[in-house]
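Thank you all for making the time this morning. I would like to walk through one model with you, going slowly from the packing of its helices to its cores and then to a few single residues.

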Amino acid sequence: MKRDMEALNLRNAFGPMPEACRDALMTAARSVREEEPVKRFTVRTALIAACIILATIAAAIAAGSIFGWNDFFSIFYGDTRVPQAAQEIMASAQEETFTVGPATFKIQERFADRHTAMAGILMLTVWMGIGFNYVLILNAFRGIPEDVIGCARLDGAGPLRMLFSIQLPLISPTLLYVVCTNMIQAMMTSGPVMILTQGGPSRSTTTLIYLMYTAGYRSANYSLAACVSLVAFALTFGFAVMLFWLEGRRVTYQ
Amino acid sequence: MDKGSFIAEIEACSEMMYRVAWSILRNETDVQDALQDATLKAWEKRNRLREERYFRTWVIRILINACYDTQRKHRKVVPLEKVPLQIPASAADPELAMALEAVPEKLRLPLVLCYSEGMSYEEAAEALGIPTATLRGRLRRGKDALRKELKAE
């Protein structure tokens, strides 16, 4: 049957609104509370931020403290020489301050002292890693089914219980991935060291990989470099094995 | 925006909201869910609405998203293709309702917004989050599809 398109009233395709629907809608509208604050910042956001920062920092610190060798080498090499590149940076930026995320510091103070130089490198690597980890962990949190959260809340779970018994176990595969990759990445840290401190002052920021590089390519001490690379491999491998052992025990997949 | 004017605005839009939600979900329980979700979400985000005269467009956009959420939630349970088409028993023109349902959803929504709810092209484009030119194209293709469906019956 042919019908005249122009004469159609599209609204005729719909029936009147059923009472049940109108009731549902108006009940919802009347149930809103005036004093309820406009949502800007939720507990979940804070939680996600905390998870990311903790995971990244923990990985970086663990790797840094193992690979920092802070005072180990200074026993053998008593030099307090500040590398030339660092000297030049400091000379050109006497009073200049640098901002890494929430912290502001003077490069003079941070990288010239052998006790704080490694902390400076750590801050930098953590800050560089946060962005990507944020994406991963945020996505994991958003992937938690609403039903599970709803059920837990119905059973009377408070925010803490919710975090440790529901949310963290559910995102544990992602956490494993984040911790694993960050750990290995932090162990391989050498870029910031090469650029900023060149292992100094007093070798306080010489990481294994940087030591391998200098021994192999600068001093042509190949046997030391080969040895260091093997140790680095063994340690990294050990961590990977340990994390995957943890996976079997602690990580749950839905 | 205070509670009183919010309720009044929702009440004024209720028929339109129902029709838009129905044209996506075609199931009364789902429509109720989506309407409630959209209302609560709109109240939560009420500071995002810059000017109150855009309330209609804004709330429709929230509603469309809520409908897709509802649909997604239920897709896990029953494949949407297997849900029998439902026609509101009370439609004034059941034949037109059938034809409209046969039009793909991408084309159906612009038709509903512009020709049933009387939105301007700009408003409808805003509500759907697409450029006006795209909207015009979809409207034209939608009309063609509707014409074809009507002829076929």
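Let me begin with a question: how close do the axes of α1(A) and α1(B) come, and at what angle do they cross? Please keep in mind throughout that this is a predicted model. In it, the two axes come within 10 Å, and they cross at roughly 150 degrees. Angles over 145 degrees count as roughly antiparallel, and α1(A) and α1(B) are therefore roughly antiparallel to each other. As for the hand of the crossing, α1(A) passes α1(B) in a right-handed way. On the side of α1(A), the contact is made by C21(A), R22(A), L25(A), M26(A), A29(A) and R30(A), and on the side of α1(B) by F6(B), I7(B), I10(B), E11(B), S14(B), M17(B) and Y18(B). It may help to recall that an α-helix has 3.6 residues a turn, so residues three or four places apart point the same way.

Two residues of this helix of chain A deserve a separate look. L25(A) sits in helix α1 of chain A, which spans residues 19-31, and L25(A) counts as buried because 25 C-beta neighbours lie inside 10 Å, where the cut-off for buried is 20 or more. Leaving aside residues up to four places away in sequence, L25(A) touches I10(B), S14(B), M17(B), L35(B), Q36(B) and T39(B). A20(A) is found in helix α1 of chain A as well, but A20(A) counts as exposed, because it has 12 C-beta neighbours inside 10 Å, and 12 or fewer is the cut-off for exposed. With the residues up to four places away again set aside, A20(A) touches E28(B) and Q32(B).

Let me now step back to the two chains as wholes. Chain A comes to twelve helices and two strands, and from the N terminus its elements run as four helices, then the two strands, then eight helices. Of the 254 residues in chain A, 25% are buried, and among its contacts with a separation of 6 or more, 69% are accounted for by residues 24 or more positions apart. Chain B comes to seven helices and zero strands. Of the 153 residues of chain B, 36% count as buried, and 66% of the contacts between residues at least 6 apart in sequence join residues at least 24 apart.

That brings me to the cores. The largest nonpolar core has 52 residues, and those with the most contacts inside it are M17(B), V20(B), A21(B), A34(B), L35(B), V59(B) and L63(B). At least two residues of this core are supplied by each of α1 of chain A and α1, α2, α3, α4, α5, α6 and α7 of chain B, and α1(B) gives the most, with eleven residues. Domain 1 (1-86) and domain 2 (87-153) of chain B both give residues to this core, so the core lies between them. To take one of its members, L63(B) touches M17(B), V20(B), A21(B), A34(B) and A38(B), residues up to four places away in sequence not being counted. Apart from this core lies another, of 14 residues, among them M118(A), V126(A), L211(A) and M212(A).

Within chain B, I would also point you to α5(B). The buried residues of α5(B) are R108(B), L109(B), P110(B), L111(B), V112(B), L113(B) and C114(B), and what covers them includes α1, α4, α6 and α7 of chain B. The axes of α5(B) and α6(B) come within 9 Å and cross at roughly 140 degrees, and these two helices are therefore oblique to each other. Their contact is made by L109(B), P110(B), L113(B) and C114(B) of α5(B), together with Y121(B), A124(B), A127(B) and L128(B) of α6(B). After α5(B) comes G118(B), whose phi is positive, near 65 degrees.

My last item is a backbone angle in chain A. Most residues other than glycine have a negative phi. A220(A), however, is a residue other than glycine with a positive phi, near 55 degrees. A220(A) is found in the loop between α11 (208-218) and α12 (222-250) of chain A, and A220(A) is exposed because 9 other C-beta atoms lie within 10 Å.

Conventions:
Residues are numbered from 1 along each chain as its sequence is written. Chains are lettered from A and ligands numbered from 1 in the order in which they are written. This is a predicted model: local features need pLDDT of at least 70, side-chain atom pairs count only at pLDDT 80 or more; totals for chains, interfaces and linings use all residues. Two residues are in contact if their C-beta atoms, placed from the backbone, lie within 7 Å. A nonpolar core is a set of buried Ala, Val, Leu, Ile, Met, Phe, Trp, Tyr and Cys residues joined through C-beta atoms within 7 Å. Domain bounds come from an automatic or database domain assignment. Axes are lines fitted to C-alpha atoms, for helices over the stretch in contact, and angles run from 0 to 180 degrees between N-to-C directions. Angles under 35 degrees count as roughly parallel, over 145 as roughly antiparallel, 65 to 115 as roughly perpendicular and the rest as oblique. A crossing is left-handed if the near helix is turned anticlockwise from the far one by less than a right angle, and right-handed if clockwise.
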